[in-house]
Amino acid sequence: MSGQSAVGMEVLRTLEKAKTQGYHFKSIVIAGMGFFTDAYDLFSISTVTRLLGRLYYYDPALGKPGTLPPNVAAAVNGVALVGTLIGQLFFGWAGDKFGRKKVYGITLLLMILTSIASGLSLGSNVTSVMTTLCFFRFWLGFGIGGDYPLSATIMSEYSNTKTRGAFVGAVFAMQGFGILSGATVAIILSAAFNTAYHRPAYEVDQIRSTPPQADYVWRLLFMFGALPAALTYYYRIRMPETARYTALVEKNNEQAARDMEKVLHVQFQTKLDDSSVAIGEQKHQAAKDCEAKKKVQYGLFSHEFVRRHGYQLLGTTVCWFTLDVAFYSQNLFQKDIFTAVGWIPAAKKMSALEEVFKISRGQALIALVSTVPGYWVTVALIDRIGRWWIQLNGFFMMTFFMLILTFDYYNLRGSPCPADPSKYCGGNHLAFISMYALTFFFANFGPNSTTFIVPAELFPARLRSTCHGISAASGKAGAIVGAFGFLYASQSQYAGKQDHGYPTGIGIKKSLLLLAICNAVGFFFTFFVPETKGKSLEDLSGENEEDNSSLARKQ
């Protein structure tokens, strides 16, 4: 083995066995702030969708607060998901082609600029405001999409074998704080504006219930999303390239050693002679090593990749797709749950700002008791019980609770009260919201976390970011199906009972049954994904086998 190869192997062994130190936690914060911003931006739109309807689509002839038309609601909510899907594919490929470091800062810069621009969406009429908002949210999603494969790959390649799952999971768990923070900022803004510009409920005064100043609430909410990303941008662009990319893809083992010496505070023995003869021999040997490796390395669209990793990629993509169909569609029955437990009265009984406050409060409570704990229980246990068991159990429990909701939905929710049809009487409201919260908990202490972690561990360094991007994009395709396909499907099958502007659907119970089936499909496809706990990235990806093959070819 040449001196260069010895350096590379020493760097990788040191990374696998490195003790947890300050740089690991610094990397979690730097990468995690991107996911904090991701969740803040993607989920905060749901807190102000009704406000946008009241501000821009009020029609006095309808006799009720304004709501976004179905096509506008789909565009405002969905365009960021489409941008995210495209960004995951593009930046996943770019991270392998140009290096993780070279494109990592671009994603965060995009999020900062487009978060601010979303809040500044202006126009002379409603159509132009919504068009510019959708334009900027598409590019916001594009930047968010890039953060998925890059952050997962970078954190995976920086981590040691013992704590890799927890470190990558901690980056993703920042989403929980992002969701909670988005709801909290919406609560603060709506409460402050409601105090300054208090207005009566819609049923008391239809016009005055929505103050013009409420237009600033959604704009400020979006713009605040740029703050955490801006605070970490400098540190992100200063991060060195991962040693695995430098050593295994760029074949620059000495640079990998120098980079890791700075961050891990270790000294590598390069074993290189300074004589010109020795240097010449080392360069010649390094060229032979490189040529031999090229012969055994395979590409994404090769038969060898399909043989080695095809079923794994199928497993990660299908599991992430089915998970996101269910995860993003759970807001379909959120309004029934919040109304049933008395968190959100009928829209006509609130002013515009009161509605934002109460929707945000409900989302904050769900995040606090189920979403955030689910993420961090995963972080605490993933390197003890493994990714596979957490994902399998998560899909099973999601299927179980979704089936309970399917077959006992109306009994749990209750029936419209005779005195006030906007409320539900009877039923078991505590069990109703518990089923909802537990479904979220086991999504996060389950496949929502593991589908992010595992694709960053299974594939070779030269394809790792690309394959993670493909898996993540499959998930976002599922999110689009869940958020919009089921939005239409869940409408009542009886004409006149569906939401305004929507066609009839198959009903909420049949929609929930389809979601339970999606979770069951994810459960079975988990068997396509191997356990990665306690194994090095090179063993999992087969790169150690490639190294052995290259040595055999030389001999």
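These exercises work through a predicted model, each with a solution in steps.

**Exercise 1. The overall fold**

Find how many helices and strands the protein has, and what share of its residues count as buried.

*Solution.*
- Start with secondary structure. The protein has 22 helices and two strands.
- Turn to burial. Of its 555 residues, 59% count as buried.
- Look at the contacts between residues at least 6 apart in sequence. Of these, 82% join residues at least 24 apart.
- Finish with the surface. The protein exposes about 22200 Å². Carbon and sulfur atoms supply 64% of that area.

**Exercise 2. Helix H7 and its cover**

Determine which residues of helix H7 are buried and what covers them. Then examine Leu221.

*Solution.*
- Locate the helix. H7 spans residues 215–224.
- List its buried residues: Asp215, Val217, Trp218, Arg219, Leu221 and Phe222.
- Identify the cover. It includes H2, H4 (100–119), H5 (126–158), H6 (164–196), H8 (226–237) and H14 (352–385).
- Recall the helix geometry. An α-helix has 3.6 residues a turn, so residues three or four places apart point the same way.
- Focus on Leu221, which lies in H7. Its relative accessible area is 1%; the cut-off for buried is under 20%, so Leu221 is buried.
- List its contacts, leaving out residues up to four places away in sequence. Leu221 touches Tyr40, Ser44, Thr47, Val48, Gly182, Val185, Ala186 and Leu189.
- Compare sequence with space for Leu221 and Ser118. They are 103 residues apart in sequence, yet 9.8 Å apart from C-alpha to C-alpha.

**Exercise 3. Salt bridges across the chain**

State how many salt bridges a search of the whole structure finds. Then trace three pairs and a network.

*Solution.*
- Take the total. The search finds 15 salt bridges.
- Pair one: Glu355 and Arg50 meet through their side chains at 3.2 Å, N to O. Glu355 is in H14 and Arg50 in H2, 305 residues apart.
- Check burial for this pair. Glu355 is buried, at 3% relative accessible area. Arg50 is partly exposed, at 33%.
- Pair two: Glu538 bridges to Arg244, with the closest N and O atoms 2.8 Å apart. Glu538 lies in H21 (residues 537–541) and Arg244 in H9, so the bridge ties together parts 294 residues apart in sequence. Both Glu538 and Arg244 are buried.
- Pair three: the side chains of Lys476 and Asp324 meet at 3.9 Å, N to O. Lys476 belongs to H19 (residues 461–489) and Asp324 to H12 (residues 303–329), 152 residues apart. Lys476 and Asp324 are both buried.
- Add the network. Salt bridges with shared partners join Asp96, Arg100, Glu157 and Arg464.

**Exercise 4. Two lysines**

Is Lys26 buried, partly exposed or exposed? Which residues gather with Lys26 in a surface patch? What sign does the phi of Lys251 have?

*Solution.*
- Place Lys26. This residue lies in H2 (residues 22–56).
- Classify it. Relative accessibility is 41%, between the 20% and 50% cut-offs, so Lys26 counts as partly exposed.
- Name the patch. Lys26 gathers with Lys101, Arg238, Arg258 and Lys262 in a surface patch of positive charge.
- Move to Lys251. Its phi is positive, about 65°, although the residue is not a glycine.
- Place Lys251. The residue sits in the loop between H9 (243–249) and H10 (253–264).
- Classify Lys251. With a relative accessible area of 27%, it is partly exposed.

Methods
Residues are numbered from 1 along each chain as its sequence is written. This is a predicted model: local features need pLDDT of at least 70, side-chain atom pairs count only at pLDDT 80 or more; totals for chains, interfaces and linings use all residues. Side-chain values use heavy atoms; hydrogens and water are left out. Patches are made of residues with over 30% relative accessible area and no salt bridge: like charges are joined within 9 Å, nonpolar side chains (Val, Leu, Ile, Met, Phe, Trp, Tyr) within 5 Å. Accessible areas come from the Shrake-Rupley method with a 1.4 Å probe; for residues, only the protein chains shown count as cover. A salt bridge is a side-chain nitrogen of Lys or Arg within 4 Å of a carboxyl oxygen of Asp or Glu. Lys and Arg count as positive and Asp and Glu as negative; His and the chain ends are not counted. The place of a charge is taken as NZ of Lys, CZ of Arg, CG of Asp or CD of Glu. Helices (H or I, at least four residues) and strands (E, at least two) are DSSP runs, numbered from the N terminus. Buried means under 20% relative accessible area, exposed over 50%, partly exposed in between (1.4 Å probe, protein chains only). Contact means heavy atoms within 4.5 Å.
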